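Please work through the exercises below with the structure at hand. Each task is followed by a solution in steps.

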Amino acid sequence: MRRRLAATLRMMDVTKSSVLDKVFLADRPDKIVVAKTDPKTKTVTRQPLVDEIIKLVQDNNIDVLVVDPFAETFEGDENNNAEIKWAATFWREVARKAHCAVFLVHHTSKALSGAPGDMNAARGGGSLVGVARVMVTLFAMSEADAKAFGMSTDDRHLYVRFDDAKANLSLVTGQAKWFRKETVRLNNGTTDRPPDDVGVFIPWTPQSLMDGISTATANAILDEIATGMLDDDGKPNGSRYCFTDSRRGARWAGHIVIRHHEMPIERATRILKAWLENEVIVESDYHDPFQNKAKKGLKVVDSNRPGRLVG
């Protein structure tokens, strides 16, 4: 923990002296049990450590208490809703009596290890969700996210996403915050031992969906979508481009996006989706004269085009 703190201070350009009376690390991390369950009676017992923690927080005017990991603070069945609820309730007691925020770090279940923003992704009994007032998730970048951002999937292990999952007293944002893993080399090396390398998270902003695509290019793409598909002579044949195509055939509008600005298929799909949500394009039923059948196709709403001035 001291090495992590040292690396964080270095990366944030904060001096050690400025946090000496503001950051406290547990001297006895082996003694963190606040609740024990009797295996015979299944009774959960509050441990004396609860009162010790409350006094420690009050005496030092601590505002935020981080408990990592939560699962090691009670001896019992993690999958038992009643037991895990009581363990969480004791930490809530700490928060209320000591007037501080308590941040419980908990692992996710393997089945939901890729569910950003899902408050039910927590491992074990789901009663913990009911006790917590605010919940967030931290997940590694998925393969789909990496492709959407146009980066190599081999590099995705360097990035993590932070999502709101529950907020009783405010709104869940619905927007992920991203971080990149960096390595900080400490100045603790000796002649006999190399210095320690410690990982830290650095705020990272993904490439904007429309980065590199000018207004002129966007409108050129929309012009082709509005014109529709062409016959062998280069004239409109009456068929419209479509938003979804499981095989990404000739009618898929994403081909036009990629032709005007090379990008991964996933990013082209996200651009079309954004245009649909903003009603730059709309999807409607029409009769395809080229194939003489009813289909769904895209139309461009000229008043919502990029760069169009609204009077």
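The exercises that follow concern one helix and several salt bridges in a predicted model.

**Exercise 1.** Determine whether the end-to-end span of helix α8 agrees or disagrees with its number of residues.

*Solution.* Helix α8 comprises the 13 residues 265-277. At 1.5 Å a residue, the expected span is 18 Å. The end C-alpha atoms are 19 Å apart, which agrees with that expectation.

**Exercise 2.** Identify the buried residues of α8 and state how they are arranged around the axis.

*Solution.* The buried residues are Arg267, Ala268, Ile271, Leu272, Ala274 and Trp275. Viewed down the axis of α8, these buried residues fall within an arc of 160 degrees, so they line one face of the helix. Their cover includes α5 (143-148), α6 (215-227), α7 (254-260) and β10 (281-288).

**Exercise 3.** Establish which parts of the chain are tied together by the salt bridge between Asp197 and Arg185.

*Solution.* The closest N and O atoms of Asp197 and Arg185 are 2.8 Å apart. Asp197 belongs to strand β9 (residues 197-204) and Arg185 to strand β8 (residues 177-185), so the pair ties together parts that are 12 residues apart in sequence. Asp197 is partly exposed, at 42% relative accessible area, whereas Arg185 is exposed, at 52%.

**Exercise 4.** Carry out the analysis for the salt bridge between Arg305 and Asp223.

*Solution.* The closest N and O atoms of this pair are 2.8 Å apart. Arg305 lies in the segment after β11 (293-300) and Asp223 in helix α6, so the bridge ties together parts that are 82 residues apart in sequence. Arg305 is buried, with a relative accessible area of 9%; Asp223, at 40%, counts as partly exposed.

Note on methods:
Residues numbered from 1 in each chain as written. Predicted model: local features only at pLDDT ≥ 70, side-chain atom pairs only at ≥ 80, totals over all residues. Heavy atoms only, no water. Helix = DSSP H or I, 4+ residues; strand = E, 2+ residues; numbered from the N terminus. Expected span 1.5 Å × (residues − 1). Buried < 20%, exposed > 50% of the residue type's maximum accessible area, 1.4 Å probe, protein only. Arc of directions from axis to C-beta. Contact = heavy atoms within 4.5 Å. Salt bridge = Lys/Arg side-chain N within 4 Å of Asp/Glu carboxyl O.
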